[in-house]
Amino acid sequence: MAIIIVSVICTIFAISLIVYMPKSKIFLSQVEQKNSKGYYIIRRKKVYKNIANVMFVCSIFILWFAIGESSTPNDAIVILLLGIFYIIIGLLFILSQLFERIEYNDCEISQYRVFRKHPKTILWNNTISIKLHNMGPFLELNSSVEKIFVDLRDDNTSAFALLKFIQDKVKDKKIILID
């Protein structure tokens, strides 16, 4: 009986997330934005939202399979844990979508990550080197203290806007192209 209750609760949770995500403002606008503090923001691509949706749909099928098709309680528990695992993976993709971002303005660039308390920040004046890696492609910004990697695969318009901004802002540094 407890397996059925947990399966139903997890299924309702997964369905509510699938319904909520298309209405959320954070998932609608993924192009470069400017916030109220004057920072330009680059977020991850929408593909993470789609992967999270797939994880939630898989978890719904797995959880309902745990209710209907499991022959022993041990099978039901294993299938239930697998469904909960898919929900957790989907939530990690949503957290990545919500909290991972690059913010920059005239003074600095900051990188926010999901499991990092404080962002990595580099002042434009303290930038030692700028490398554009062709393999990713990704941009590497180095200072004497921090190193920031900017993934350029996500959104071409935001990436090119950032590259143009860096070129205008840090005129005394050359952008090194690495294959």
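**A nonpolar patch and a five-stranded sheet**

In this predicted model, Ile-88, Leu-92 and Phe-115 make up a nonpolar surface patch with about 340 Å² of accessible area together.

Biologist: Leu-92 belongs to that patch. Is Leu-92 buried, partly exposed or exposed?

Modeller: Leu-92 sits in helix H4, residues 73–99. Its relative accessible area is 39%. Buried means under 20% and exposed means over 50%. Leu-92 lies between those limits, so the class is partly exposed.

Biologist: Now the sheet. In what order do the strands run, and which stand at the edges?

Modeller: The sheet is open, has 5 strands and pairs in the antiparallel sense, in the order E1-E2-E3-E4-E5. Two strands have a single partner strand each, so one side of each lacks a neighbour in the sheet. Those edge strands are E1 (33–34) and E5 (120–123).

Biologist: Which strands pair with E3, and over how many bridges?

Modeller: On one hand, E2 (residues 40–43) is an antiparallel partner of E3 over 4 bridges. There, Arg-43 is set opposite Arg-101. On the other, E4 (residues 108–112) is also antiparallel to E3, with Glu-103 opposite Ser-110. The partners are E2, over 4 bridges, and E4, over 4 bridges.

Biologist: How many residues lie between E3 and E4 in their hairpin?

Modeller: E3 covers residues 101–104, and E4 covers residues 108–112. The two strands form a hairpin. The number of residues between them is 3.

Biologist: Are the two faces of E3 covered or open, and which residues show it?

Modeller: In a regular strand, side chains alternate between the two faces of the sheet. In E3, Arg-101 and Glu-103 lie on one side and are buried. The other side is covered too, with buried Ile-102 and Tyr-104.

Biologist: Gln-111 is in strand E4. Is Gln-111 buried or exposed?

Modeller: The cut-off for buried is under 20% relative accessible area. Gln-111 has 4% relative accessibility. Gln-111 touches residues including Arg-101, Ile-102, Pro-119 and Ile-148. At 4%, the class of Gln-111 is therefore buried.

Biologist: Which backbone oxygen lies 2.8 Å from a polar atom of the Gln-111 side chain?

Modeller: Gln-111 touches Ile-148 and Phe-149, among others. The backbone oxygen at 2.8 Å from its side chain is that of Phe-149.

Biologist: And which residue in E5 is the bridge partner of Gln-111?

Modeller: E4 and E5 run antiparallel, joined by 4 bridges. Gln-111 belongs to E4. Its bridge partner in E5 is Lys-120.

How values were computed:
Residues numbered from 1 in each chain as written. Predicted model: local features only at pLDDT ≥ 70, side-chain atom pairs only at ≥ 80, totals over all residues. Heavy atoms only, no water. Patch = residues over 30% accessible without salt bridge, like charges linked within 9 Å, V, L, I, M, F, W, Y side chains within 5 Å. Areas by Shrake-Rupley, 256 points an atom, 1.4 Å probe, with all protein chains shown as cover. Salt bridge = Lys/Arg side-chain N within 4 Å of Asp/Glu carboxyl O. Buried < 20%, exposed > 50% of the residue type's maximum accessible area, 1.4 Å probe, protein only. Pairing = 2+ DSSP bridges. Polar contact = N/O pair within 3.5 Å; in protein donor to acceptor, adjacent residues only side chain to side chain. Contact = heavy atoms within 4.5 Å. Lists of a residue's contacts leave out its neighbours within four places in sequence.
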